[in-house]
Amino acid sequence: MATKIRLQRGGRKGYAFYSIVIADSRAPRDGKFTEKIGTYNPNTNPATVDLNFDRALYWVETGAQPTDTVRNILSGEGVYLMKHLRGGIKKGAFDEAAAQQKFDTWKAAKQKGADSIREKDAKMKKDAAAKELEAEKKVNEEIAKKVAEKKAAIAAAKAAEQAAAEAAEAPAAEEAPAEA
């Protein structure tokens, strides 16, 4: 039986989420599978992969053929590097401790790169939020100026009205005692 390592789609429309599965090569994409070895979420930045490393390595060494996307995922997680290192151990090029050290060094560098991407993304979001806040403050200041001008105009109109009313009352008050 020819086995494949492939993605099985899940999630809702417009928000794909995949399971990484071992399936018969004749089975449909979302059909029957032998074993689930992980998940892949392309909606995050960087894409999130949760993989059972030992089982993935076992299936790759057994001869299961991954699809192109799964090959890239497994390569990014270091499954193919570990397979290569195990081949070197079998040939006697180096021992297991040296192979594990090489793999750990590679994994640390990979993690550092992913962390820098996350930090850069978080910084960009923070800067964008700060720019939006600054723009909103400017808009609010403009609105506050217009409201202050409007209130000043209303106050000036009321003051003028009051002055006119007082001016109208003063001559009327002066004329009334003269008639009496």
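A salt bridge here is a side-chain nitrogen of Lys or Arg within 4 Å of a carboxyl oxygen of Asp or Glu. The views below come from a predicted model, and the structure holds six salt bridges. Three of the views zoom in on pairs from that set.

**Close-up A. R29 and D30 pair up in a salt bridge.** Here the closest N and O atoms sit 3.0 Å apart. That falls within the 4 Å cut-off, so the contact counts as a salt bridge. D30 is partly exposed, at a relative accessible area of 41%. R29 is partly exposed too, with a value of 48%.

**Close-up B. E61 and R86 join two helices through a salt bridge.** The N to O distance for this pair is 3.1 Å. E61 belongs to helix α1 (residues 53-62) and R86 to helix α3 (residues 79-91), so the contact links distant parts of the chain, 25 residues apart. As for accessibility, E61 comes out partly exposed at 35% relative accessible area, and R86 is partly exposed at 36%.

**Close-up C. D115 and R118 meet in a salt bridge inside helix α4.** Have a look at the side chains: N to O is 3.5 Å. Both residues belong to helix α4 (residues 96-179). They are three residues apart there, which means about one helical turn lies between them. R118 has 43% relative accessibility and counts as partly exposed. D115, at 32%, is also partly exposed.

Key: Residues are numbered from 1 along each chain as its sequence is written. This is a predicted model: local features need pLDDT of at least 70, side-chain atom pairs count only at pLDDT 80 or more; totals for chains, interfaces and linings use all residues. Side-chain values use heavy atoms; hydrogens and water are left out. Buried means under 20% relative accessible area, exposed over 50%, partly exposed in between (1.4 Å probe, protein chains only). Helices (H or I, at least four residues) and strands (E, at least two) are DSSP runs, numbered from the N terminus.
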